[in-house]
Amino acid sequence: MTEPAELPGHRERGGLRSFPPPSEWDSFVAYDAKAHPRKVKREFMLIPTTCFNCESACGLLAHVAKDDLTVTKVEGNPAHPGSRGRNCAKGPATINQLDDPERILHPMRRAGARGSGQWERVSWDDALDDIASRIRAAIVDDRRDEVMYHVGRPGEDGFAERFLLAWGVDGHNSHTNICSSGARLGYSLWGGYDRPSPDHANAKAIVLLSSHLETGHYFNPHAQRIMEAKQSGAKLVVVDPRMSNTASHADLWIAPWPGSEAAILLAVASYLLRTRAIDADYVRRWVNWDVYLERLHPDAEPTFEVFLDRLEADYAPYTFDFAAHESRVPEAKIAELAEIVAQAGTALSAHVWRSAAAGNLGGWQVARTLFFLNVLTGSVGTRGGTSPNGWDKLIAHGFDVPAGHESWNELIWPAEYPLSTNEMSMLLPHFLNEGRGRLDVYFSRVYNPIWTNPDGFTWMEALTSIDRVGCHVALTPTWSETATFADYVLPMGHSTERHDTHSYETHAGRWLGFRQPVRRVAFEKLGREFTDTRDTNPGEVWEENEFWFELSWRIDPDGSLGIRRYFESPYRPGEKVTVDEYYRWVFENRVPGLPEKAAAEVLTPLQYMRKYGVVQIADELYRQDERGLSETELEGAVPDDRGVLRKPTDDESTPPLVGEAGSVGVRLDDGSVVAGWLTPSRKLELYSDTMVTYGWPEHATPGYIRSHVAADEIDESAGEMVLIPTFRLPTLIHTRSGNAKYLNELGNTHPVWMHADDAVAKGLRTGDLVRITTAIGHFVARIWATQAIRPGVIALSHHMGRWRLHDNDGSRWVTGKVDISQPRDHVWRLRYVEPPGPFDSADPDSRRITWDDPGVHQNLAFAVQPDPWSGMHCWLQRVTVTAALSSDQYGDVEVDTAKARAVYLEWLAKARPGPGSDGNRRPEFLMRPVKPKRKAFRAE
Ligand code: SF4
């Protein structure tokens with residue numbers, strides 16, 4: 001029996017009590033499950049690592065058998081302060097991914113046409129030399145924009161930036177604009193941080209505009225804290241048109257018309273102002289109310305009391321009645337929400353991720369109006385309130401971080417979207433198709449854009465063109481629809497097979513997790529020799545950090561390009577850095593308190609991290625806006641007329657400092673000098689001058705933008721409905737659950753949720769096939785008639801509809817085999833010709849597959865719909881639903897990519913291109929990966 005105190009990061013509430021203590025992790029004896037019912041003892045090493053199956057980065061503990069060093073089980077790491085020993089189903093299912101007989105074990109090179117399924121094995125050396133020589137040529141020829149790294153599942157904060165900055169390549173691309181750009185803009189405009197960090201466990205009220213206890217983002221760490229808060233009496237409010245698992249636990253479930261959420265939240269804000277259920281002291285101290293008055297009411301007396309009166313009057317039109325009309329929700333329910341928020345006071349935790357902010361034109365205003373409630377109630381950074389993510393997160397950079405470059409890649413950061421958060425990656429195939437540029441080396445990193453992104457056939461058109469993409473390198477642990485069309489498929493490890501660090505805002509604390517290859521650690525413990533992680537992984541599976549070290553070295557073997565120096569050991573000058581040395585340096589120099597904690601156990605910092613897999617840096621972390629500034633921060637800083645402390649600099653040859661124009665803090669009216677926020681004013685910006693500077697004065701304040709699928713836009717009499725394609729099943733991952741048999745056994749049907757009344761009106765019953773028609777095509781799915789969704793809306797989860805063209809480059813656990821044809825120019829058809837079913841493999845379970853539903857690849861039938869402000873893909877679709885034709889088959893998809901292009905152009909026309917009136921391509925304070933030097937921000 002383990003005493004909780006033995007586990008670092010343990011909290012009395014929620015801790016595990018039946019677990020071997022870390023002191024026994026090197027030698028743990030358990031019965032061999034495979035020998036059951038005989039009781040055969042086996043000795044294991046329990047080695048920590050970090051889950052890779054969503055962004056939460058929960059701690060895992062791998063059971064490595066000492067006799068043959070196989071990984072037999074993966075479970076929660078009780079030492080992890082975020083996940084506290086618990087995992088969702090996807091964590092333990094890691095074992096399936098390791099043992100998957102379908103996984104990629106060797107580097108592969110295309111041996112026929114792209115997508116032909118013809119592959120040959122290639123050595124790592126040959127692959128590295130070819131890719132390195134291409135990148136070197138692009139750098140030497142100054143074609144740097146032809147190199148792009150496109151990340152799906154994020155890796156280690158700061159690591160990709162390291163090699164891209166060293167190469168001088170502005171080539172970081174992400175999946176963010178199909179995921180969370182909308183919410184990020186809403187939060188960034190308030191405080192400069194792009195995500196919230198709710199302190200759910202201590203809240204009095206929890207308001208979620210996202211399903212499944214936050215939709216996979218911090219899913220398990222948040223879920224357990226939400227349930228703790230409920231047990232302590234907190235109210236849970238879920239705003240979601242669909243009855244999610246979370247909504248089923250809610251005290252109040254509000255099912256609005258999609259896209260009306262900001263109207264509801266503004267009605268609540270108006271109520272708070274009307275009743276003065278606000279924290280006036282907080283608002284006075286931290287909101288830029290003086291700017292609000294100056295810009296909107298220049299003739300008003302500049303006092304806080306006048307400001308409050310004006311603000312109340314400005315938001316008075318957002319009545320419960322107005323919100324009820326927009327949302328089709330009874331006024332009484334909105335009033336109930338308002339009262340719950342008012343009662344919560346400073347203990348209101350709230351989150352919006354995906355869902356409304358990711359679905360709608362102007363969805364970013366949903367996040368902005370949600371945080372408005374935190375600001376008004378003073379529940380910002382408080383116990384039980386909502387902090388910005390940056391307070392609860394540590395980015396542990398490596399040594400000698402390369403300086404910013406001077407490039408600005410308009411394939412990624414186009415002029416049309418100066419406020420985008422982040423890269424406009426979903427538009428890449430359109431940009432390539434219309435000749436804005438080309439790529440010579442395109443890395444897709446654990447990313448499957450043909451399947452995950454909207455408009456997949458346009459991606460396929462671009463990725464099959466050698467002219468547009470010279471060489472596509474897929475870094476992936478599993479086959480995917482996109483890897484099928486690559487030139488190289490390079491196998492990268494799962495969570496127990498790779499190094500990286502992580503830190504996420506799971507609660508009001510800060511921790512750094514260490515993902516590590518557990519067999520490599522076992523090799524070390526047993527004194528076995530190895531050269532790099534490949535020697536300890538299955539087949540020739542590698543890890544990315546060592547891959548990037550090696551690739552960078554080969555790009556610049558003699559150091560003449562100035563790249564190699566960033567990959568030389570800090571301990572052995574001139575020698576190639578090892579991954580041990582890299583993390584040794586990071587843990588010795590970048591993690592506050594870690595050296596001391598390690599020393600207390602007579603360990604080096606690296607040994608400590610190898611032992612526990614995580615270190616807690618801070619707990620009970622609140623009100624970091626009030627943090628006093630250090631002497632170093634203050635050195636040379638002078639306040640401007642609004643108290644913003646800046647370090648005057650004309651230096652255009654460095655990246656912008658954290659705050660705009662080098663601001664480091666703010667002097668408040670009472671004379672205190674504190675860190676504040678990351679906005680230009682270092683305050684919370686109720687009025688955003690940035691929006692004015694970049695051409696959107698009408699959205700300078702939190703407001704309501706009618707969605708492209710607002711109720712008044714939908715012609716219900718003509719059979720139109722709104723399709724929600726954004727919700728997730730908590731047991732599935734986008735692509736990698738395809739290789740986890742336990743997960744496929746848990747979730748293997750893909751129904752379209754439709755309200756029972758709508759089904760009756762359309763003459764449909766559960767199980768009927770329907771044709772769902774979008775702006776660019778249609779798909780064929782199966783109806784589930786239910787009360788668990790609001791009328792007028794249908795929903796289809798975004799995890800199924802997986803397919804393969806060939807048996808040798810797709811996962812047969814989950815994919816159906818398809819035929820893709822092109823009956824006419826631009827018109828593509830996908831049809832399943834073989835459902836998932838039993839297959840022969842080294843795993844006898846592959847003959848026991850009982851499921852045969854591949855699902856429907858709905859995303860193919862969606863055109864890109866970039867929000868003109870945040871750049872977020874507006875996922876919600878205006879569709880018609882009709883009975884399927886006799887010629888239709890389940891899973892059919894047909895798309896016209898010429899129509900897809902027309903829709904792209906239609907949405908592109910909504911944008912207002914930069915630069916801003918300040919001459920910048922984009923505001924310096926907005927987050928931007930691989931931040932270039934300041935002069936690159938200047939439009940000239
Ligand atoms: S929530 Fe589940 S999938 Fe995500 S990191 Fe935790 S255990 Fe893994």
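**Asking why each label applies**

Me: Threonine 632 lies in helix α23 (residues 631-634); why does threonine 632 count as exposed?

Reply: The relative accessibility of threonine 632 is 57%, and exposed means over 50% relative accessible area, with buried under 20% and partly exposed in between (1.4 Å probe, protein chains only), so threonine 632 counts as exposed. The model is predicted, so local features need pLDDT of at least 70 and side-chain atom pairs count only at pLDDT 80 or more, whereas totals for chains, interfaces and linings use all residues. Residues are numbered from 1 along each chain as its sequence is written, and side-chain values use heavy atoms, with hydrogens and water left out.

Me: How far is threonine 632 from alanine 356, in sequence and in space?

Reply: Threonine 632 and alanine 356 are separated by 276 residues in sequence and, C-alpha to C-alpha, by 42 Å in space.

Me: What makes helix α4 (residues 181-191) mostly covered?

Reply: Eleven of the eleven residues of α4 are buried, among them Arg184, Tyr187 and Trp190. Helices are DSSP runs of H or I with at least four residues, strands are runs of E with at least two, and both are numbered from the N terminus. The buried residues of α4 pack, by contact (heavy atoms within 4.5 Å), against β9 (196-198), β13 (348-352), α13 (355-359), α14 (364-377) and α24 (689-693). Just after α4, glycine 192 takes a positive phi of about 85°.

Me: Which strands pair with strand β2, and in what sense?

Reply: Two strands pair if DSSP finds at least two bridges between them; strand β1 (residues 28-31) and β2 have four bridges, in the antiparallel sense, while β2 and strand β3 (residues 59-65) have seven, also antiparallel. In the β1 pairing, tyrosine 31 stands opposite lysine 41 in β2, and threonine 50 has glycine 59 as its bridge partner in β3. Strand β2 (residues 41-50) is mostly covered, with eight of its ten residues buried.

Me: Why are β21 (638-639) and β24 (673-674) called edge strands?

Reply: In the open sheet, whose four strands follow the order β21-β22-β23-β24 with antiparallel pairing, β21 and β24 each pair on one side only. Strand β22 (residues 644-646) and strand β23 (residues 663-667) are joined by three bridges, and valine 644 has valine 666 as its bridge partner in β23.

Me: What makes phenylalanine 547 and tryptophan 548 an aromatic pair, and of which kind?

Reply: The whole structure holds 46 aromatic pairs. In this one, phenylalanine 547 and tryptophan 548 have centres 5.0 Å apart and planes at 70°; rings of Phe, Tyr and Trp (its six-membered ring) pair if their centres lie within 6.5 Å, and planes under 30 degrees apart count as stacked, over 60 as edge-to-face and the rest as tilted, so the pair is edge-to-face. Both phenylalanine 547 and tryptophan 548 are buried.

Me: How do you know that the charged end of arginine 274 sits over the ring of phenylalanine 320?

Reply: The charged end of arginine 274 is 5.5 Å from the ring centre of phenylalanine 320, and a charge sits over a ring if NZ of Lys or CZ of Arg is within 6 Å of the centre and within 35 degrees of the ring normal. Arginine 928 likewise lies over the face of tryptophan 408, at 4.2 Å from the ring centre.

Me: Which residues surround the ligand, and how are they classed?

Reply: Those around the ligand, with a heavy atom within 4 Å of it, include Cys51, Asn53, Lys90 and Phe219. By class, the shell has six nonpolar, five polar and one charged residues.

Technical notes. Nonpolar A, V, L, I, M, F, W, Y, C, P; charged D, E, K, R; others polar.
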